[in-house]
Every structure is written in C-alpha cells, then in structure tokens.
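Dear colleague,

I am passing on the structure we spoke about, and would be grateful if you could look it over before reading my notes underneath.

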Amino acid sequence: MLELDGLVKAFGGFHAVDGCSLRVNKGEILGLIGPNGAGKTTLFNLIAGALQPTSGTIRFLGEDVTHLPTDALFHKGLVRTFQIPHEFHRLTALENLMMVPPRQPGESLFANWLAWGKVRRAEEEVHRKAEDTLAFLELGHVAHERAGNLSGGQKKLLELGRTMMTDAQLVLLDEPAAGVNRTLLRKLEEKILILNRERGYTFILIEHDMEMIEKLCDPVVCMAEGKVLIQGDFHTVRSDTRVLEAYLGETASAIERNEAEHDPRVEDMREQELPREDL
Ligand SMILES: Nc1ncnc2c1ncn2[C@@H]1O[C@H](COP(=O)(O)OP(=O)(O)OP(=O)(O)O)[C@@H](O)[C@H]1O
C-alpha cells in the first residue's frame, strides 16, 4: 500500500530522516517506535505531504506521490491525526465531524442555487454519517458539546472519527495514547482494532506506550537517528540489542541532562549569566 524508498529530510546539515525505506501492506497496523528525536514525526510529515523530502520517493497504492500536498493525499485516502488533537474547539463534536467530508456540494453557492434538493440530501447523509460515527466511538452523549470542552481522550476519539468521515484507506496516528486515561485508552484500542479488522483500515501508529504497541501492532519498526533500525514482531524488536542501545542512549543523555541540572557548577554559571537585577 505504501512504499518509502531512501527518504531523506535535511534541516540545514542535520538529517532528521536519513535514508528510510519501508513497506506497509494493506490491512496492517504498523507500529513506529524509537527514542525521542528519532525522526518518527518528521517521517509522518513526509508521508502526509506536510513536508517535502530532500530526496527519496513515496509510493501510495502504486502511484508516485512524493511531491503531492496534504490535501491531494487526503482525497486519495491517506489521512493523519495529530499528537495534539486539532479539533475546532468552538464547534460541537457533531459539527466537527460534519466539517470533514471533502467536496460537499453545500460548499458551492452555485450548486446550492442550482440543486438545493440534492444539497439537502447530501447534508442529511453527512449528518447521519457523523451521528453513526459518534455512536460507534461511544461519543453520542457529547454530540452537542463544544469540542473544546471534551476530555483529552474524547478529543483523540473525535480525531479518529474525523478519519472515519473520509473513508480513509491509510491512517497515520501520532501518539494516540498520549494524555489519554486508561479507560478511554482501552476504548481507543478497541475502536482501532475494529476499524482495522472489520472495515479494512490500514494504520501506521507512532507510540511510546509499549502496551498499546504490543496489543495492536504487527509489524513494529524501530527508528533511531533518522534511520530504520529494525522491523519485526513486537518481541523480536523489543529484545534487539540495537533497539535497547538506542533507548539506553536516550536514557543516558537524559540522566546527563538531569545531573547537569543539579550540578552546583552549572547553577553557578547560570547565576553569573544573569544580570543582578534580573535575579
Ligand atoms: N523543522 C525542523 N527544523 C529543525 N530540526 C527539526 C525540525 N523538525 C524536527 N527537527 C529535528 O529532527 C529530529 C527528529 O524530530 P522528530 O520530531 O521527527 O522526532 P520524533 O522521533 O518524532 O521524537 P518524539 O518521539 O520526541 O516526538 C529532532 O532532533 C528534531 O529536533
């Protein structure tokens, strides 16, 4: 379904993604893991057309889509969600879903004027679909609540709902578990599995929550320093020494940073940097 070949994204001299090649097959839930700064979100941005690669190619459903923008990919069925949900916070949950479908006839004044009956039927259909989507996500009770008032977990479910309004084929989920309480997390996992098994959605999922990765994902891909380190099932990837080293490297630098924070010499230096009146 998706083929990445030798993808590179450079920011100045720094390669955030450094020669990534990857295959995603229809029906998979591919888990993308790796320490902070490994390049996972940058890779998502490249796949979703939000960033242009420095080099390399992206093929989606057999077509070269390397330089297509986000909206063109969206119309082809490639949709992403964000680590921080992007809801319209003043609109209700239902209205948020009704905003999604592309090419609504109601968007065109001319179409409105020419065929108002057709427009009304299309709007009713969108309304029904949005209600069905909320019911599937067990969000029916907050349909008329402003999206900005929903909990973090409910916003994540709503993001998933927005992908359902588009008949997406490949969905990129960026840290769906982040900021979600345990109860809603189980619900989110269950819905992702149903969408995958019963509705044929293919997913790529960036996640630091290893329990979620273990439950949902096969294969799992680990990235570090912009590169794909290994691809395999969860247990193979988790026990691979290169993966352990990549995560240990991150832990070691976090410990170093933490020690530096509490080193009296560093604190002295900070005090010296500040003019007295700012202290
Ligand atoms: N626009 C940018 N300009 C410069 N550097 C960037 C830019 N975007 C990302 N980077 C750098 O690229 C590297 C990879 O970042 P990225 O956000 O893709 O990592 P990640 O694996 O998603 O990390 P995390 O798990 O913390 O979200 C980081 O060192 C980051 O600082």
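The notes below cover the sheet, the ligand shell and the confidence of the model.

This is a predicted model, in which local features need pLDDT of at least 70 and side-chain atom pairs count only at pLDDT 80 or more, while totals for chains, interfaces and linings use all residues. Residues are numbered from 1 along each chain as its sequence is written.

An open sheet of mixed pairing is formed by six strands in the order S6-S7-S8-S3-S9-S10, where strands (E, at least two residues) and helices (H or I, at least four) are DSSP runs numbered from the N terminus, and two strands pair if DSSP finds at least two bridges between them. Strands S6 (78–80) and S10 (227–232) stand at the edges with a single partner strand each, so one side of each has no neighbour in the sheet. Strand S9 (residues 220–224) pairs with S10 in the antiparallel sense over five bridges, and Ala 224 stands opposite Lys 227 in S10.

Around the ligand, counting residues whose C-beta atom, placed from the backbone, lies within 6 Å of it, one finds Phe 11, Ala 16, Gly 34, Asn 36, Gly 37, Ala 38, Gly 39, Lys 40, Thr 41 and Thr 42. Helix H1 (residues 40–47) gives the most to this shell, with three residues.

As for pLDDT, the predictor's confidence in each residue from 0 to 100, the protein chain averages 83, and 81% of the residues score at least 70. Confidence is lowest in helix H11 (residues 264–273), at a mean of 42, and highest in strand S4 (residues 55–60), at 97. The predictor gives the complex an ipTM of 0.96 and a pTM of 0.81.

With best wishes

Definitions and conventions: Contact = placed C-beta atoms within 7 Å. Axes fitted to C-alpha atoms, helices over the stretch in contact; angles between N-to-C directions.
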